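Work through the two exercises below with the coordinates open, taking the empty spaces first and the make-up of the chain afterwards.

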Amino acid sequence: GPIIVQLSLFAATAVLVQAALSFLGLSVPETEGPSWGNMVAAAAQVTSQAPWLAVPTGGILIVTVLALGLLGDALRDARASRFQSAFAVRPRHRTAAPAEAEPGSLLAVRNLTVGFDLPHGPRAIAVRVVSFDVAAGEIVGIVGESGSGKTVTARSLLGLLPAAGQVVSGSAVFDGTDLTALSEAELGRFRGSRIALVSQEPLSGLDPVFRVGSQLAEVVRRHHGLSRSAARRRAIELLETVRIPAPETVARRYPQELSGGMAQRVSIALALAGEPALLIADEPTTALDVTVQAEILALLRDLRSRLDMAIVFVTHDWGVLADICDRAVVMYAGEVVEQASVTDLYRSPRHPYTQRLLAANPHLAPVSDLLPTIPGSVPSPARWETGCRFRPRCEHAVPECGERPIPLIPIGPTRGTRCIRHEEVAGR
């Protein structure tokens with residue numbers, strides 16, 4: 001997006017420079033070819049007799065420059081439209097009221113199903129009947145292999161799916177409001193101010209042509225309506241909040257001048273600008289080294305304790321999950337296969353997938369020549385099993401596992417598993 005806009009502005013600037021040089025007589029002579037600058041110069045010589053001549057000569061130059069700028073904006077917007085809201089195409093009516101949230105829940109996701117429209121063929125369901133709760137001040141981790149539906153689930157809460165994706169059914173009740181029933185304009189009032197997002201690629205959310213402090217101040221003004229000077233002061237405070245040394249110096253830098261860890265801290269500061277109650281962190285430590293990763297996790301824990309902010313933490317790293325999360329939601333092939341407190345999940349996994357993932361964790365695996373692995377890979381939606389989707393890779397599978405969809409079986413008040421042989425799994 002920024003590259004497209006900069007190219008259009010560069011083209012507009014080139015037109016103006018060429019016209020200025022021609023006006024000053026430093027470019028192609030009028031006898032060798034037409035030039036807007038030469039025409040403006042000729043009109044300027046007879047301004048006293050025919051001032052209207054400046055209108056067609058200068059006017060067409062202005063229109064061309066504006067057109068180039070608008071063309072760049074249009075191309076950028078056309079590219080960005082591929083990632084329009086997933087809720088924008090949904091009907092506003094409902095056939096049934098959303099399920100009630102658990103007492104004390106800030107966010108209650110119930111039977112959330114997300115599909116993607118394909119150019120040819122039926123709609124592909126990427127996430128099916130996902131349900132979980134997040135209490136105020138709680139950190140809930142969503143864990144699983146790549147392709148399990150973690151990011152799709154997290155981004156669907158804010159309507160940030162690609163244009164082909166949409167929430168097909170289910171609800172996501174945030175502080176009493178069902179996000180899936182909101183229009184794009186209504187949902188925009190929640191983004192940033194009530195729910196914020198931190199992605200694993202911080203530079204993708206920062207404009208390379210504006211300084212860090214300017215971008216932070218713009219977000220602050222957008223959410224709080226402060227004056228420019230007050231917004232700049234608040235931007236410095238946000239950089240201090242995320243423990244950036246010399247915040248005044250960093251505010252004057254461009255995003256590409258920052259390290260990966262520093263850019264991620266700026267991204268978190270941007271997310272905090274609207275003072276959200278819920279932060280969605282989509283693998284924010286994936287591309288960072290271990291030392292910086294530990295600093296980011298410590299920062300998020302500190303923000304949770306000081307601001308009482310809830311966090312949905314998407315990760316594939318079990319070490320990160322154990323370090324920062326209170327509860328975990330394990331996903332596989334678009335379904336929640338197990339959810340429990342992190343302590344219970346580590347001590348006694350109740351789904352074969354969770355068990356095998358833990359065994360494959362290098363931090364927990366026994367010292368041997370080969371690291372335990374799970375054979376096969378996460379299937380695409382076109383190859384999902386009728387029953388248990390993990391059945392082709394599961395050593396506990398029996399014929400009953402493939403007869404019909406497996407429901408999420410409750411085990412206690414806050415725990416569940418999508419395995420009919422969970423007792424045998426727990427006994428191993």
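On a 1 Å grid over the protein atoms alone, a cavity is a set of points where a 1.4 Å probe fits but cannot get out, whereas a pocket is an open set with protein on both sides within 12 Å along at least five of seven lines; lining residues have an atom within 4 Å of a point. This is a predicted model, in which local features need pLDDT of at least 70 and side-chain atom pairs count only at pLDDT 80 or more, while totals for chains, interfaces and linings use all residues. Residues are numbered from 1 along each chain as its sequence is written, and side-chain values use heavy atoms, with hydrogens and water left out.

**Exercise 1.** Describe the lining of the largest cavity and of the largest pocket.

*Solution.* Begin with the largest cavity, whose volume is about 60 Å³; its lining includes Cys388, Cys394, Cys401 and Cys419, together with His351 and His396. Turn next to the largest pocket, which holds about 1,900 Å³ of space and is lined by 42 residues, with Arg155, Leu160, Leu197, Ser204 and Gly205 lying nearest its centre. Finally, look for the main contributor: helix H6 (helices being DSSP runs of H or I, at least four residues, numbered from the N terminus) gives the most to this lining, with five residues.

**Exercise 2.** Determine what share of the chain is buried.

*Solution.* Apply the cut-off for buried, under 20% relative accessible area with a 1.4 Å probe and protein chains only; of the 428 residues in the chain, 45% are buried. As a last step, consider the extent of the C-alpha trace, which spans about 100 × 55 × 50 Å along its principal axes.

Methods: Buried means under 20% relative accessible area, exposed over 50%, partly exposed in between (1.4 Å probe, protein chains only). Grid points are joined across faces, edges and corners, and a volume is the space filled by probe spheres set on the points. Helices (H or I, at least four residues) and strands (E, at least two) are DSSP runs, numbered from the N terminus.
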